[in-house]
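Me: I'm new to this structure and would like to learn how to read its features. Could you take me through them step by step?

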Amino acid sequence: MKRGSILVTGGAGYIGSHTAHLLGEQGYEVTVVDNLSRGRRHNVDPQRLRVVDIADTDGLCRIFAERPFEAVIHFAAYISVGESMHVPELYFTNNVSGSLSLLTAMVRSGVRHLVFSSTAAVYGMPAAVPIKEEAPYAPVNVYGESKVMVEKLLHWFDLVHGLRSICLRYFNASGADPEGKLGEEHEPETHLIPLLFQAILTGQPVTIFGEDYATPDGTCIRDYVHVNDLAEAHILALEWLMGGGASDAFNVGNGSGYSVREVVRAVEEVTGKKVPYVVGPRREGDPPKLVADSTKLRRALQWTPRHSDLRDIVSSAWNFEKKRSVQQAS
Ligand code: UFG
């Protein structure tokens, strides 16, 4: 049974492709919009893919005219914190202007529900951990600021145009679909878990960014959340909006923090191999501890993460990485 048409921007990317896949499994008609500048063509069923930039408002309107779309899930964005501090114009153009173009196309086409891919980076260096949604906006990098700006656009588009939205503020998205077909493939990779695998596979040591933080083992603590649990949160948010629910923002994390050293240990246990590493200086802008309070999401949308165990997350990612490295070698 078909359950309605959903447009997924950035559906060729890491979290977008997992969500598009889950939507398809649950009977939704999915159309993916991606300019493939960072997404991967092989992540999307070719029949579902439209290679369009979200900056192309008219192009988006033409897609919206193909059939009645119930909602949009908006992932398309640049995601590298470091890059955002070198070329802020890229982030404000793509993430903010691009989102404005999408919202304009939605209003013109009468599509009034949006789930937005936001981030814990909107909180910056939070005063209290676990972080609740009421914590103030205090981004410390351009990437986080670009997401705050879109959250603010969404507030006004609701007030003025009645476009309702849910902002999902992800903590550390990680893991891979257990089938092993989809996973994390950023270029260049900056995320910890895939970098630990690369260190094992290449023998080139990974750098631990600082061990002098005020945490039990001196390394930074993060809340790692499985990409399929994130995908599930998007579908729950979508159904909330389509059922008439009001606009809101939710944290998405497991609520348990793991230090970089604990992640290294988990990777060594899962892979059975030593991770070659060196300890380097702190990375600028890294908060010592980011852990989500996701009570609001659990209560309001009945979200229940299924892969909250770190070893489970790491082992799904390793499963994907092994398949990928075999494919690259052949
Ligand atoms: N780390 C290292 N060495 C590396 C890479 C990472 O020690 O080579 C450490 C980082 O310092 C951090 C932890 O591993 O303590 C996780 O780092 P990631 O780069 O994997 O993730 P971040 O926590 O920096 O960022 C993630 C998302 C961002 C988002 C942020 C919100 O990738 O998009 O969470 O909190 F903005």
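Reply: Happy to. Let's begin with helix pairs: crossing angles under 35 degrees count as roughly parallel, over 145 as roughly antiparallel, 65 to 115 as roughly perpendicular, and the rest as oblique. Keep in mind that this is a predicted model.

Me: At what angle do the axes of helix H2 and helix H4 cross?

Reply: The axes of H2 (residues 57-64) and H4 (residues 88-109) cross at roughly 40° and come within 9 Å. H2 and H4 are therefore oblique to each other. As for handedness, their crossing is right-handed.

Me: Which residues of H2 and H4 meet?

Reply: On the H2 side you'll find Thr 57, Asp 58, Leu 60, Cys 61 and Phe 64. They meet Ser 101, Leu 102, Thr 104, Ala 105, Met 106, Arg 108 and Ser 109 in H4.

Me: Let's turn to the domains. Which stretches of the chain does each domain take in?

Reply: The domain assignment gives domain 1 as 5-174 + 224-252 and domain 2 as 192-222 + 255-329. Their C-alpha centres lie 24 Å apart. The contact between them takes 28 residues from domain 1 and 29 residues from domain 2.

Me: And the nonpolar core: how many residues does the largest one have?

Reply: The largest nonpolar core has 37 residues. Those with the most contacts inside it are Ile 6, Ile 15, Leu 23, Leu 168, Leu 238, Val 252 and Leu 297. Several elements each supply at least two residues of this core, including strand E1 (5-9), helix H1 (14-25), strand E6 (164-170), helix H7 (227-242) and helix H9 (295-301). The largest share, nine residues, comes from H7.

Me: Why does this core lie between domain 1 and domain 2?

Reply: Domain 1 and domain 2 both give residues to this core, so it lies between them. There is also a second, separate core of 25 residues, which includes Val 52, Leu 60, Val 150 and Leu 163. You've already seen Leu 60, in the meeting of H2 with H4.

Me: Could we zoom in on one core residue? What is Val 252 in contact with?

Reply: Setting aside neighbours within four places in sequence, Val 252 is in contact with Leu 168, Arg 169, Tyr 170, Phe 171, Val 225, Leu 230, Ala 233, Ser 294, Leu 297 and Trp 303. Leu 168 and Leu 297 are also among the residues with the most contacts inside the largest core.

Me: How do I read burial along a helix? Which residues of H6 are buried?

Reply: The cut-off for buried is under 20% relative accessible area. In H6 (192-202), the buried residues are Leu 192, Ile 193, Pro 194, Leu 196, Phe 197, Ala 199 and Ile 200. What covers them includes E7, E8, strand E10 (224-226), helix H8 (260-271) and H10. Just after H6, Gly 203 takes a positive phi of about 80°.

Me: What should I expect of phi and of peptide bonds?

Reply: Most residues other than glycine have a negative phi, and most peptide bonds are trans.

Me: Where are the cis peptide bonds you can point to here?

Reply: One joins Val 129 and Pro 130, with omega about 0°. Pro 130 sits in the loop between strand E5 (113-119) and helix H5 (142-161). Another runs from Glu 187 to Pro 188, with omega near 0°. Pro 188 is in the loop between strand E7 (172-174) and H6.

Me: And what is phi at Leu 36 and Gln 302?

Reply: Leu 36 has a positive phi of about 60° although it isn't a glycine; find this leucine in the loop between E2 and strand E3 (49-50). Gln 302, not a glycine either, has a positive phi of about 55°. Look for Gln 302 in the loop between H9 and helix H10 (310-329).

Me: Is Gln 302 buried or exposed?

Reply: The cut-off for exposed is over 50% relative accessible area. Gln 302 has 56%, so this residue is exposed. Compare Ser 80, with 17%, which is buried. Ser 80 is placed in the loop between E4 and helix H3 (81-84), and touches Tyr 91 and Thr 190, not counting residues up to four places away in sequence.

Technical notes. Residues numbered from 1 in each chain as written. Predicted model: local features only at pLDDT ≥ 70, side-chain atom pairs only at ≥ 80, totals over all residues. Heavy atoms only, no water. Core = buried A, V, L, I, M, F, W, Y, C linked by side-chain atoms within 4.5 Å. Buried < 20%, exposed > 50% of the residue type's maximum accessible area, 1.4 Å probe, protein only. Helix = DSSP H or I, 4+ residues; strand = E, 2+ residues; numbered from the N terminus. Domains from an automatic or database assignment. Contact = heavy atoms within 4.5 Å. Axes fitted to C-alpha atoms, helices over the stretch in contact; angles between N-to-C directions. Left-handed = near helix turned anticlockwise from the far one by under 90°.
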